[in-house]
Amino acid sequence: MKGVGRISNERLLIGYVTSNALPSVTPEDAQKMTHINVAFGHIKNARVTVAATTNLDTLCRLRKYNPKLGILLSLGGWGSGGFSEAAATAEGRQLMAETALEILREFKLDGIDVDWEYPCYSVAGIASQPADKQNFTFLLEEMRQILDIEGEKDGRHYLLTIAAGADQYYLDGTEMNEAQKYLDWVQLMTYDMRGGFNALTGHHTNLYTPTGDLFRISVDTSVNMFVQAGVPREKIIIGAAFYSRMWENVPNINNGLHQMTVSSGGYGPMYTELALEYINKNGFVRYFDDEAKAPYLFDGQTFITYEDEESLRAKCAYLREQGLKGIMYWEYSCDQTGTLLDTLRQSLF
């Protein structure tokens, strides 16, 4: 099939941008990224819809800022359903692919990013069924075929990518060795690896698993899992976070790291606020776990795990050493200082 597995040697710097934040993307920042994933389109009755997706009229301006910028529409996101139902039948898969193509044509997009969270799981309150595992592959195959037919008409290649859960559960719910054949790259959501589902403090977007961490997932662990599942290294994108996770009422032991708390970790401040009010300010001390390559903050009772320049430089060095495709981040508007995107750009290129 023409276009399947087509990979360039270019390393990628991909930013997720929520549609309401599109007007805030500056000309300078548009030139720093290789691709933007616009979040989100949705699935309703097997049709792709952008009824709730705003500011798509600004995409032409982004292209003027950077004519080489690839722009994809990301479908789904946490709690966004409709995938299992659409993928369950050949008719549903075809309708989803055809309506995605219509939107791609309308807004002159460079591709589609599928963010089904997650095949075979209803954890976010969406519908699921065991058949999702194979139906997901069928859905990607259908979308790849339709995009390739369109590409042959236009003399170009349209991108098809996914955002994937970082841990073993995602591999158990998919056929990544088959699914990857239809994808240009696989973006590992290597963030939220600690947080809303556990009461043990820890790093949420750590490069490596440190000694003493009961939860063994990390960027490195996730990459190795996906490689063993059949995804080529040159198709893997790792994830970075422009936001934090936070636990309160944390025991003042080990600077708050790896401590049990009375509740799970919720979302903490975005990086903009961290830089302004938290990092070595207002009683918070910045620590760096050199084993995990991850920073954290603690004030004696509140623990915050986040991403900074040092951890991003380590991730970029890692992906080069490992022969990976690139790095993506969630989400552009979370850092209005520009520090993190600048660091990624300088470290990657």
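Buried here means under 20% relative accessible area, exposed means over 50%, and partly exposed is anything in between (1.4 Å probe, protein chains only). This is a predicted model, so local features need pLDDT of at least 70 and side-chain atom pairs count only at pLDDT 80 or more, while totals for chains, interfaces and linings use all residues. Residues are numbered from 1 along each chain as its sequence is written, and side-chain values use heavy atoms, with hydrogens and water left out.

**View 1. K153 and E150, a salt bridge within helix α5.** A salt bridge is a side-chain nitrogen of Lys or Arg within 4 Å of a carboxyl oxygen of Asp or Glu; by that rule the count comes to 14. In this one, the closest N and O atoms of K153 and E150 sit 4.0 Å apart. Both residues belong to helix α5 (residues 132-154), three residues apart, or about one turn of the helix. Helices (H or I, at least four residues) and strands (E, at least two) are DSSP runs, numbered from the N terminus. The two ends of the pair differ in setting: K153 is exposed, at 59% relative accessibility, whereas E150 is buried, at 8%.

**View 2. K181 and E178, paired by a salt bridge.** Here the closest N and O atoms are 3.1 Å apart. K181 is partly exposed, with 35% relative accessibility, and E178 is partly exposed too, with 30%.

**View 3. R286 and D308, a salt bridge between a strand and a loop.** The side chains of R286 and D308 meet at 2.6 Å, N to O. R286 is in strand β11 (residues 285-289) and D308 is in the loop between β13 (303-305) and α10 (309-322), so the pair ties together parts that are 22 residues apart in sequence. D308 is buried, its relative accessible area being 4%, while R286 is partly exposed at 25%.

**View 4. D29, K32 and D342, one salt-bridge network.** Salt bridges with shared partners join these three residues.

**View 5. C316 and C60, cysteines in a structure with zero disulfides.** A disulfide is a covalent bond between the sulfur atoms of two cysteines. The cut-off used here is a pair of cysteine sulfur atoms within 2.5 Å, and a search of the whole structure finds zero. C316 is in no disulfide, and its nearest cysteine sulfur, that of C334, is 18 Å away. As for accessibility, C316 is buried, at 0%, and C60 is partly exposed, at 45%.
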